[in-house]
Amino acid sequence: MTDLTSVIIGVGGYLPERILTNDDLCKVVDTSDEWIQTRTGIRQRHIAAQGELTSDLATAAAKAALANAGIEAGSVDLIVLATTTPDKTFPATATIVQDKLGIRGGAAFDVQAVCSGFLFALATADSMLKSGLFKTALVIGAETFTRLLDWSDRTTCVLFGDGAGAVVLRAEPQNKKKPGGVLGHHIRTDGSKQKLLYVDGGVSSTGTIGHVRMQGNQVFKHAVTNISSAVVEVLEMTGHTISEIDWFVPHQANQRILDGVGRKLGIDDAKLVSTVELHGNTSAASIPLALSTSVSDGRITQGDLVLSEAMGGGFSWGASLFRL
Ligand code: ACO
């Protein structure tokens, strides 16, 4: 154990104003509110306005997290932003957020692990803080994911939405008797499964943005297996058990995946934070959005032990354990 830990001192979220309900989607593709709700638990999703960029969503979430932490943007010396939908091919959206927040020092960069992006970004920032390289980090998940959708493909377009969430992490001396802050991560990828969930375009392949393509039932099967194994790994690594967890804050992909993982791991339903109904799958944004919702409504309070997990394109997946 190192002498430093990374403590989450603030959380924040942002959802664009416009809401697209399942009934709205029925006017676009052959689907129904009943099919979508039964298969996914999703009722509605938010859609970024024209001209509203991933960096705008990220900046709004970051400002909310900074306000929640009670610190000024100027004390942030690291921004790690997880996104699949950057404003531009370069520079990194994190640097655009750095500028929008008026931060003139430190470093900012993006991480790309699709729906697992927030956990990969958290692991990256946590390692950098614990090594003493930086002191205060913004870890952001932000997506205008609906811009990657093929609105004629009902198997994908009903699932996703736009949004952003952020946490402020600060390096603090570790209390060795009662370890706090970020306790451990387990992150993994398997590139051999990329054909099950991918975007059929890109800068060096087609020169176009492309659209999301997915074999949903295969993704579902792998998601429950991979997530469950990552959770077991992170619990073993940190010496905790599932019954000690106060809150389970998973990537909000689909209610059936959340329930499947919960059942497999024996997680009490009352400990599950689910917000997927209200914003669909917001990819890298969904974990910090769910965290922010459950902190602001008073469910998660200081000292609670929180387990988080995600799975996404790549395949990429992981789990994280932290004490708020
Ligand atoms: N509305 C109505 N019918 C639909 C729709 C729709 N939106 N989409 C598919 N269908 C039809 C199919 O055409 C098929 O019809 P058929 O039987 O006549 O051929 C039928 O519904 C069943 O299709 P399946 O693909 O077998 O449906 P399934 O029960 O697997 O549910 C779903 C699909 C919801 C996508 C599910 O596979 C799933 O949740 N997968 C996980 C995918 C996911 O969450 N991906 C997000 C990214 S990865 C992550 O974040 C974890």
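**Notebook: ligand site, domains and two buried residues**

I started at the ligand and found that a backbone N or O atom of N217 lies 3.3 Å from one of the ligand's oxygen atoms. Taken alone the ligand exposes 1,000 Å², and I noted that the protein buries 74% of that. I keep in mind throughout that this is a predicted model.

Next I looked up the side chains that approach the ligand. For R39, a polar side-chain atom lies 2.8 Å from an oxygen atom of the ligand, and for N254 an N or O atom of the side chain is 2.3 Å from a ligand oxygen. Both R39 and N254 belong to the group that comes nearest among the 23 residues around the ligand, a group that also holds T31, R154 and H251.

I then asked which helices supply at least two residues each to the shell around the ligand. The list reads α2 (33-40), α6 (154-157), α7 (216-238) and α8 (255-265), and the largest share, four residues, comes from α7. Sorting the shell by class, I wrote down eleven nonpolar, eight polar and four charged residues.

**Domains**

I turned to the domain bounds and found the protein divided into domain 1, residues 4-173, and domain 2, residues 181-323. On the contact between them, 53 residues are taken from domain 1 and 47 residues from domain 2. The centres of domain 1 and domain 2, taken over C-alpha atoms, are separated by 14 Å. Where does the ligand lie with respect to domain 1 and domain 2? Both domains give residues to the shell around the ligand, so the ligand lies between them.

**H185**

I looked up H185 and found it in strand β8, which covers residues 181-189. Is H185 buried or exposed? Buried is the entry I made, because its relative accessibility of 15% falls under the 20% cut-off. The side chain of H185 makes a polar contact with the side chain of D126 at 2.9 Å, and another with the side chain of S320 at 3.0 Å. Setting aside neighbours within four places in sequence, I listed the contacts of H185 as L122, A123, D126, V234, M237, A319 and S320.

**S308**

S308 lies in strand β12, residues 305-312, and I recorded it as buried, with a relative accessible area of 0%. What does the side chain of S308 reach at 2.7 Å? I found that the partner is the backbone oxygen of V249. Again leaving out neighbours within four places in sequence, S308 is in contact with L119, V249, I287, G318, A319, S320 and F322. Comparing my two lists, I see that A319 and S320 appear in the one for H185 and also in the one for S308.

**Helix α10**

The I287 in the contact list of S308 led me to helix α10, residues 286-296, which is mostly covered, with eight of its eleven residues buried. I287 is one of those buried residues, and the others that I noted are S286, P288, L289, A290, L291, S292 and S294. After α10 comes G298, for which I wrote down a positive phi, near 85°.

Notes. Residues are numbered from 1 along each chain as its sequence is written. This is a predicted model: local features need pLDDT of at least 70, side-chain atom pairs count only at pLDDT 80 or more; totals for chains, interfaces and linings use all residues. Side-chain values use heavy atoms; hydrogens and water are left out. A residue is near a molecule or strand if one of its heavy atoms lies within 4 Å of it. A polar contact is a pair of N or O atoms within 3.5 Å; within protein, one must be able to donate a hydrogen and the other to accept it, and residues adjacent in sequence count only if both atoms are side-chain atoms. Accessible areas come from the Shrake-Rupley method with a 1.4 Å probe; for residues, only the protein chains shown count as cover. Ala, Val, Leu, Ile, Met, Phe, Trp, Tyr, Cys and Pro count as nonpolar, Asp, Glu, Lys and Arg as charged, and the others, Gly among them, as polar. Domain bounds come from an automatic or database domain assignment. Buried means under 20% relative accessible area, exposed over 50%, partly exposed in between (1.4 Å probe, protein chains only). Contact means heavy atoms within 4.5 Å.
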